[in-house]
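The following note sets out comments on the structure, arranged as numbered points. Please read each point alongside the coordinates.

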Amino acid sequence: MNFYNPYTGSKKKRNIRRVIMVLISAIVITGATVIFGNYLKDKAKKNSKSDYIGIGREDIYAETESQVIIPPSKGGSGASESVKGFCVPLGIVTPDDGTENGLDRLFTDRLDKAAEYNTGVLIPLTGDDGYLLYNSDRAREYSRLPANPYLPDMTALKAAVAEAKAKGLRVTAYIVSGVTLKAGEDEYDDAIAADSRIAADVAEVGFDEIIIGSLVESPEDITGEASHVILRYLNQMTAAAGNTDVGLSLPPEVYLKAALSPQIELFISRSVFLTMELTEDQSTESYLSYLCENLAGTLSVYNMRILLMPADENVAESLCDKLKAVEHENYLFTRVPEEAPEISEETQTEATDDASDDEEE
């Protein structure tokens with residue numbers, strides 16, 4: 001005879017309840033995970049539009065536009081070739097009375113002299129205010145200066161580049177960017193179009209590289225929105241430059257701010273190399289020593305090209321000596337230094353007397 005076992009019956013009920021509880025818990029956990037994941041995704045999207053966080057290798061445009069994915073640069077190192085270079089202004093390229101090769105004798109003489117001690121030459125294609133210093137049919141539509149018969153044309157520019165290359169020099173074009181990061185959306189498009197036409201001219205005449213200066217003036221310029229503008233700008237500049245290398249020059253304060261490292265890496269991903277641009281006030285031996293001590297790793301990793309603006313020849317010489325002492329001879333002058341002031345015999349005598357007094361003390 002079979003009797004009802006109350007213990008066995010309650011055990012079966014407990015097992016059923018346990019299975020039901022496990023299933024309910026699994027459903028709740030899964031639902032919570034999905035909801036939290038969607039929350040994090042929405043938060044990341046908002047951050048990508050308003051701050052540094054979330055800016056990836058996709059350029060985030062307006063919702064009506066498609067996203068453009070740009071592959072990493074070749075090697076992605078951001079490093080430049082080592083160059084010791086001087087500056088030659090375009091004003092001495094076009095001859096007053098003509099020469100056999102169509103170039104001014106002052107220009108060729110300067111190349112001859114500088115090539116003995118240097119491996120590169122920088123030729124500014126814009127003034128400090130961003131205006132063009134040469135005539136170009138391509139750039140005229142967007143140029144900030146009408147055609148000027150006293151400025152060299154593309155033919156003269158091509159001859160100058162060829163002459164410098166014939167002397168074994170790496171030839172760099174330098175421009176002050178016309179893009180203002182504080183401008184509105186409409187101004188961005190016109191300014192980017194203007195600079196990209198200059199990049200196309202640079203490629204046509206045979207420059208080895210083009211360096212973009214004054215796009216960023218301080219760390220505060222690199223906001224989330226501005227970062228996207230810079231990426232758009234670099235995309236178009238590298239495309240217009242073709243096989244010509246593109247360099248982005250940033251002020252030293254940007255490299256000194258560790259929080260901007262992700263943005264710097266993003267800029268590099270646009271197939272550019274990095275340079276560091278010093279103002280005249282910063283182009284001193286003391287400040288250069290400070291940078292060499294505090295940015296030694298950055299200078300080494302990127303083989304950082306330093307752009308110098310020395311006040312005179314004495315300062316220029318001291319800067320070169322400093323970089324040689326720290327074994328980082330990768331630099332270009334962005335202007336021709338003034339001649340060093342002559343020291344009178346009276347001043348020299350006073351300096352000698354002062355030194356003698358110090359020794360006696």
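**Comments on the model**

1. In this predicted model, the backbone nitrogen of Val 179 lies 3.1 Å from a polar atom of the Ser 177 side chain. Ser 177 itself is placed in the loop between β5 and α5 (185-205). The side chain of Ser 177 also makes a polar contact of 3.0 Å with the side chain of Asp 195.

2. Is Ser 177 buried or exposed? Its relative accessible area is 8%, so Ser 177 counts as buried, the limit for that class being under 20%. When neighbours within four places in sequence are left aside, the residues in contact with Ser 177 are Asp 195, Ile 212, Gly 213, Leu 215 and Tyr 233. Two of these names, Ile 212 and Gly 213, recur in the next point, as residues of β6 that point in opposite ways from the strand.

3. Strand β6 comprises residues 209-213, and five of the five are buried; the strand is therefore largely enclosed by the rest of the structure. Glu 209, Ile 211 and Gly 213 point one way from β6, whereas Ile 210 and Ile 212 point the other way. Residues on both sides of the strand are thus buried, and this includes the acidic residue Glu 209.

4. Which strands pair with β6? Strand β5 (residues 170-176) runs parallel to β6 and is joined to it by five bridges. In this pairing, Ala 173 of β5 stands opposite Ile 210. Strand β7 (residues 245-250) is also parallel to β6, with four bridges between them. Here Glu 209 has Asp 245 as its bridge partner in β7.

5. The connection from β6 to β7 involves helix α6 (residues 224-241), and the three elements form a right-handed β-α-β unit.

6. Glu 209 and Asp 245 appear again in the side-chain electrostatics. Together with Glu 81, Arg 170 and Arg 305, they are linked in a network of salt bridges. The structure holds twelve salt bridges, and some individual pairs are described below.

7. Arg 138 and Asp 201 form a salt bridge in which the closest N and O atoms are 2.4 Å apart. Arg 138 belongs to helix α3 (residues 137-140) and Asp 201 to helix α5, so this pair ties together parts that are 63 residues apart in sequence. Asp 201 is buried, at 1% relative accessibility, while Arg 138 is partly exposed, at 32%.

8. Arg 232 and Asp 189 meet through their side chains in a salt bridge of 2.8 Å, N to O. This pair links distant parts of the chain, with Arg 232 in helix α6 and Asp 189 in helix α5, 43 residues apart. Which partner is buried and which is partly exposed? Arg 232 counts as buried, at 13% relative accessibility; Asp 189, at 41%, counts as partly exposed.

9. A further salt bridge joins the side chains of Glu 163 and Lys 167, at 3.6 Å from N to O. Lys 167 is partly exposed, its relative accessible area being 29%.

10. To draw the points together: β6 is flanked by parallel pairings with β5 and with β7. Helix α5 contributes Asp 201 to the salt bridge with α3 and Asp 189 to the one with α6. Ser 177, in the loop between β5 and α5, is in contact with residues including Ile 212 and Gly 213, which are among the buried residues of β6.

Note on methods. Residues numbered from 1 in each chain as written. Predicted model: local features only at pLDDT ≥ 70, side-chain atom pairs only at ≥ 80, totals over all residues. Heavy atoms only, no water. Buried < 20%, exposed > 50% of the residue type's maximum accessible area, 1.4 Å probe, protein only. Helix = DSSP H or I, 4+ residues; strand = E, 2+ residues; numbered from the N terminus. Pairing = 2+ DSSP bridges. Right-handed = clockwise from strand over helix to strand, strands pointing away. Polar contact = N/O pair within 3.5 Å; in protein donor to acceptor, adjacent residues only side chain to side chain. Contact = heavy atoms within 4.5 Å. Salt bridge = Lys/Arg side-chain N within 4 Å of Asp/Glu carboxyl O.
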